[in-house]
Amino acid sequence: NPPPMPPEMMDAIGDTGPGPLVDAMGGGMEAFAGAMQGGGDIAAGGEAFMDFMHDACANGDVPGVSPEMFDGMADSFADVAGPAMMGMPADASPADMGEVFMDAATMMMPEGFDMPPEMADMFGGMADTFADCGCGPHDMGAEFGPPMPDGAVPGDPASFPEGDYGPPPGDMAGGPMG
């Protein structure tokens with residue numbers, strides 16, 4: 001049962017078009033990369049990303065989305081994408097990581113919501129940035145959280161407990177998250 005995408009984020013993706021969110025996320029990923037290239041670790045990169053996104057939301061660059069709303073969405077997204085990243089092979093490609101991000105966001109949307117194609121490009125760019133910074137899927141999965149349950153082995157989704165870590169519904173079951 002993935003958490004639903006907050007309505008304000010759905011508006012920012014659908015009704016007003018994803019451009020402002022995609023642009024802000026691109027700037028956030030540049031901030032992440034800058035922190036990592038400046039000698040920081042993943043946590044420092046994440047802090048730089050969130051600082052950028054907070055400023056972008058507070059400045060109205062992402063219409064209708066406050067910094068607090070972005071925090072809630074980011075936490076929910078991480079709860080969905082984190083375990084999926086931990087289930088991937090350690091050497092998964094950035095393209096596969098981007099698909100996992102897209103699947104996670106899609107799972108959070110109401111049934112029938114058409115995810116704009118710009119979102120796939122955005123998630124692919126995120127995955128490329130992470131890979132360029134030396135952050136693989138297990139690195140990002142551990143950073144996103146939630147903490148993996150006892151007995152779960154990164155890269156072995158069969159070791160994950162049933163229930164909260166079950167395969168996604170419908171046609172996504174054959175994708176990277178499945």
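# Reading helix α4 and its surroundings

Modeller: Let's begin in the loop between α3 (42-58) and α4, where P63 is found. Please keep in mind that this is a predicted model.

Biologist: Happy to start there. Is P63 buried or exposed, or something in between?

Modeller: The idea is to place the relative accessible area between two cut-offs: under 20% is buried and over 50% is exposed. P63 has a relative accessible area of 38%, so it counts as partly exposed.

Biologist: Which residues is P63 in contact with, leaving aside its neighbours within four places in sequence?

Modeller: Setting those neighbours aside leaves the partners that the fold brings together. For P63 they are A12 and P20. A12 is 51 residues from P63 in sequence, yet their C-alpha atoms are 6.5 Å apart in space.

Biologist: Let me step back into α3. Why does C57 count as buried?

Modeller: C57, a residue of helix α3, counts as buried because its relative accessibility is 5%, and the cut-off is 20%. Beyond four places in sequence, C57 touches V62, V65, S66, P67 and F70. P20, a contact of P63, is 37 residues from C57 along the chain, with 10.0 Å between the two C-alpha atoms.

Biologist: Now α4 itself. How many residues does α4 have, and what does it reach from its first C-alpha to its last?

Modeller: Here you compare the span with the expected rise. The 21 residues of α4 reach 30 Å, close to the 30 Å expected at 1.5 Å a residue.

Biologist: Where in α4 does the kink lie?

Modeller: Look at D79, shortly before the proline P83: the kink there is about 30°.

Biologist: And how many of the residues of α4 are buried?

Modeller: A helix has a repeating pattern worth recalling: with 3.6 residues a turn, residues three or four places apart point the same way. As for α4, 15 of its 21 residues are buried, which leaves the helix mostly covered. Take S76, in this helix: it is buried, with a relative accessible area of 17%. Away from its sequence neighbours, S76 is in contact with P3 and M108. P4 is 72 residues from S76 in sequence, but 8.0 Å away in space, C-alpha to C-alpha.

Biologist: At what angle do the axes of α4 and α7 cross?

Modeller: Read the distance, the angle and the handedness together. The axes of α4 (residues 67-87) and α7 (residues 137-144) come within 7 Å and cross at roughly 145°, and the crossing is left-handed. On the α4 side, F77, A78, A81, G82, M85 and M86 take part, meeting P137, H138, M140, G141, A142 and F144 of α7. By type, the residues of this contact are nine nonpolar, three polar and no charged.

Biologist: What is the peptide bond from G145 to P146, cis or trans?

Modeller: Most peptide bonds are trans. The bond from G145 to P146 is cis, with omega near -5°. P146 lies in the segment after α7.

Biologist: One last residue, please: which residues is T129 in contact with?

Modeller: T129 is in helix α6 (residues 117-132). Leaving aside neighbours within four places in sequence, T129 is in contact with M29, F32 and A33. Its relative accessible area is 17%, so T129 is buried.

Technical notes:
Residues numbered from 1 in each chain as written. Predicted model: local features only at pLDDT ≥ 70, side-chain atom pairs only at ≥ 80, totals over all residues. Heavy atoms only, no water. Axes fitted to C-alpha atoms, helices over the stretch in contact; angles between N-to-C directions. Helix = DSSP H or I, 4+ residues; strand = E, 2+ residues; numbered from the N terminus. Left-handed = near helix turned anticlockwise from the far one by under 90°. Contact = heavy atoms within 4.5 Å. Nonpolar A, V, L, I, M, F, W, Y, C, P; charged D, E, K, R; others polar. Expected span 1.5 Å × (residues − 1). Bend = angle between axes of the 7 residues up to and from the residue. Buried < 20%, exposed > 50% of the residue type's maximum accessible area, 1.4 Å probe, protein only.
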